[in-house]
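Let's take a walk through a protein model together. Have a look at the sequence and the 3D view first, then read on.

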Amino acid sequence: MEDQLKNCAVRLFDVNAVKFGNFVTKAGLQTPVYFDLRVIVSHPSLMVSSFHMRARIFLGYGIHHWQKFQKALSSLLWNLSENSGGATQLCGVPYTALPLATLISVEADMPMLIRRKEVKSYGTKKLIEGEFKEGEICVIVEDVVTTGSSILETAKDLLNEGLKVQEAIVILDREQGGKNNLKINGIRMRSLYTLSSFMGYLLEARKVTLPVVESVSSYLKRTHVPSLSGNDEKSLNRLQLRFEERAKLTKNRAAAKLLDLMSTKETTLCLAVDLIDTDAILELANMAGPHIAVLKTHVDAIENFTSEFPKALRELAEKHNFLIMEDRKFADIGNTVSLQYRNGIYKIANWADFVTAHTLPGYGIIAGLKDGLEGISADRGIFLVTEMSCQGALTLGDYVKSSVVLSKSSNLVAGLVCQANVFADPGLVQLTPGVRLTETTDTLGQRYNTPHSVVHAGADLVVVGRGVTEARDKRSAIVEYKSKLWQAYVERTSS
Ligand code: 5BU
């Protein structure tokens, strides 16, 4: 097996499926190593053992001895599968893993399913092609895993059709949190290579030099979320770790403060005070203060804003021990964002502990916000908008994946705004909006889930707006949301 793996690693290198140098990822991050396994379709002998296939065709099935000859990726991959759960279907994550899944399907004589990628937003055609029965178990096949989000998306569509997913077999694990993320979601991932083992094979074969290996391993140290094994699992599982433990793992000081505050105050409620009058906002802030972790504003919706307002809000924050988030959703180039953050009439950088920012511009958005903080020593954090709560949001697929990668690029990132458990790092906080006591929608596309369901889907800090501001008895509503959310968090961390 070891020889076969080394052989395939070298062949992948020879066909340029891996490149070394200074690359910039889609999310705008620097990386010294880049994989593009799409090229393997031009090299059939790398995908499937020709000995094996010919033997199979000419000699029928009594050909086990042939299998000791050079195995290609599809055979090696299928060897990884334990199939202990009795899987009866295979599904490749589109697109690179599709041909691999097809070859495994032929080799293992197991039917396969095809997940359509492009109909997701239109919803007219079937998402899963192929014949299956509800309850069948499906093994997912993937080429390269970074955060695991592509596998999770595929799994989600399969689960929606009534299939079960317990195992994913992949060629390469980039060791950036994917394995853990999948494990949290009940999927065991096995890979032919980790990025480190792959580099080891290339070094042994003298395809790369030691400095190249060292640059990849220092990159891994910077971006790595350790793979889980044995006793480490519990200590690194974001959903099961308690806030006070996670506070020690975060690189962002405002996030550490928030995690400690949520733990001591026993609240994960972020109140969205989307009102347009400063007195009404301050009145509600004073009432909610003892029960909330964060108060979230949209200052540009306020009719009578003056510089006195943030001062008064900060005083209430000190009095009741909560943090302030301005949900500004910055989305421009770094220079503009820097100006918007510290200047204008709002001077957000001066008073908001947290701000939200879209990831659309890539790394520049973080660099711009960092620049806007020059001379400000207070702890600040950004929440990157990774998934939106509204119907038809375009925050899908690669966008989510790239946003998760971007979240690892700076200590200024405190967390991600998302609807599901799309990242593994226990040092980052999942902020989830779109919450009411019952599942519903508003008339403008907002979708609501319940406190219980969002917390079990990974939410740490939970945004409630109109669930409180439109309630007849606001104080009772605040207390009800707070206690339902805390109960779900306690359940999650003790499960
Ligand atoms: P609501 O009244 O609970 O629907 O308010 C939700 C708040 O969260 C509101 O301030 C939105 O601007 C904010 N929000 C959201 O609803 N969905 C998102 O995806 C993001 C923010 Br990002």
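Here is a short briefing, grouped by topic.

This is a predicted model, in which local features need pLDDT of at least 70 and side-chain atom pairs count only at pLDDT 80 or more, while totals for chains, interfaces and linings use all residues. Residues are numbered from 1 along each chain as its sequence is written, and side-chain values use heavy atoms, with hydrogens and water left out.

Two features to look for are a closed barrel of eight strands and an open sheet of six strands.

**A few words you'll need**

- Helices (H or I, at least four residues) and strands (E, at least two) are DSSP runs, numbered from the N terminus.
- Two strands count as paired if DSSP finds at least two bridges between them.
- "Buried" means under 20% relative accessible area, "exposed" means over 50%, and "partly exposed" is in between (1.4 Å probe, protein chains only).

**The barrel**

- Going round the closed barrel, the strands come in the order β9-β10-β11-β12-β13-β14-β15-β18, and the pairing is parallel.
- From one strand to the next, the twist averages 25° (axes are lines fitted to C-alpha atoms, for helices over the stretch in contact, and angles run from 0 to 180 degrees between N-to-C directions).
- Strand β9 (residues 269-272) runs parallel to β10, and three bridges join them; one pair to find is Leu-271 with its bridge partner Leu-295 in β10.
- Strand β10 (residues 294-297) is covered on both faces, with Val-294 and Lys-296 buried on one side and Leu-295 and Thr-297 buried on the other.
- Further round, β13 (residues 381-385) and β14 (residues 413-417) run parallel, joined by four bridges, and Val-385 stands opposite Val-417 in β14.
- Val-464 sits in strand β18 (residues 461-464) and is buried, with a relative accessible area of 0%.
- Val-464 and Val-273 are 191 residues apart in sequence, yet 8.7 Å apart in space, C-alpha to C-alpha.

**The open sheet**

- The six strands line up as β5-β4-β3-β6-β7-β8, with mixed pairing.
- Why do β5 (128-129) and β8 (188-194) each have one side without a neighbour in the sheet? They stand at the edges with a single partner strand each, so one side stays free of a neighbour in the sheet.
- Strands β3 (residues 89-92) and β4 (residues 112-115) run parallel and are joined by three bridges, with Leu-90 partnered by Met-112 in β4.

**Cavities**

- A cavity is found on a 1 Å grid over the protein atoms alone, as a set of points where a 1.4 Å probe fits but cannot get out, and lining residues have an atom within 4 Å of a point.
- Grid points are joined across faces, edges and corners, and a volume is the space filled by probe spheres set on the points.
- A search of the whole structure turns up three cavities of 30 Å³ or more, and the largest has a volume of about 50 Å³.
- Which elements give two or more residues to the lining of the largest cavity? They are β6 (137-145) and α6 (149-160).
- Residues lining the largest cavity include Glu-142, Ser-149 and Lys-401.
- That lining divides into three nonpolar, five polar and two charged residues (Ala, Val, Leu, Ile, Met, Phe, Trp, Tyr, Cys and Pro count as nonpolar, Asp, Glu, Lys and Arg as charged, and the others, Gly among them, as polar).

**Buried side chains with polar contacts**

- A polar contact is a pair of N or O atoms within 3.5 Å; within protein, one must be able to donate a hydrogen and the other to accept it, and residues adjacent in sequence count only if both atoms are side-chain atoms.
- His-320, in helix α14 (residues 308-320), counts as buried at 14% relative accessibility, and its side chain makes a polar contact of 2.7 Å with the side chain of Asn-286.
- Gln-446, in the loop between β16 (440-441) and β17 (447-448), counts as buried at 17%, and a polar contact of 2.5 Å joins its side chain to that of Ser-389.

**Backbone oddities**

- Most residues other than glycine have a negative phi, and most peptide bonds are trans.
- The peptide bond from Pro-94 to Tyr-95 is cis, with omega near 0°, and Tyr-95 is in the loop between β3 and α5 (97-108).
- Glu-175 has a positive phi of about 55°; Glu-175 lies in the loop between β7 (164-173) and α7 (178-184) and is buried at 10% relative accessibility.
- Glu-266 has a positive phi too, near 55°, but Glu-266 is partly exposed at 43%, in the loop between α12 (253-265) and β9.

Key
On a 1 Å grid over the protein atoms alone, a cavity is a set of points where a 1.4 Å probe fits but cannot get out, and a pocket is an open set with protein on both sides within 12 Å along at least five of seven lines; lining residues have an atom within 4 Å of a point.
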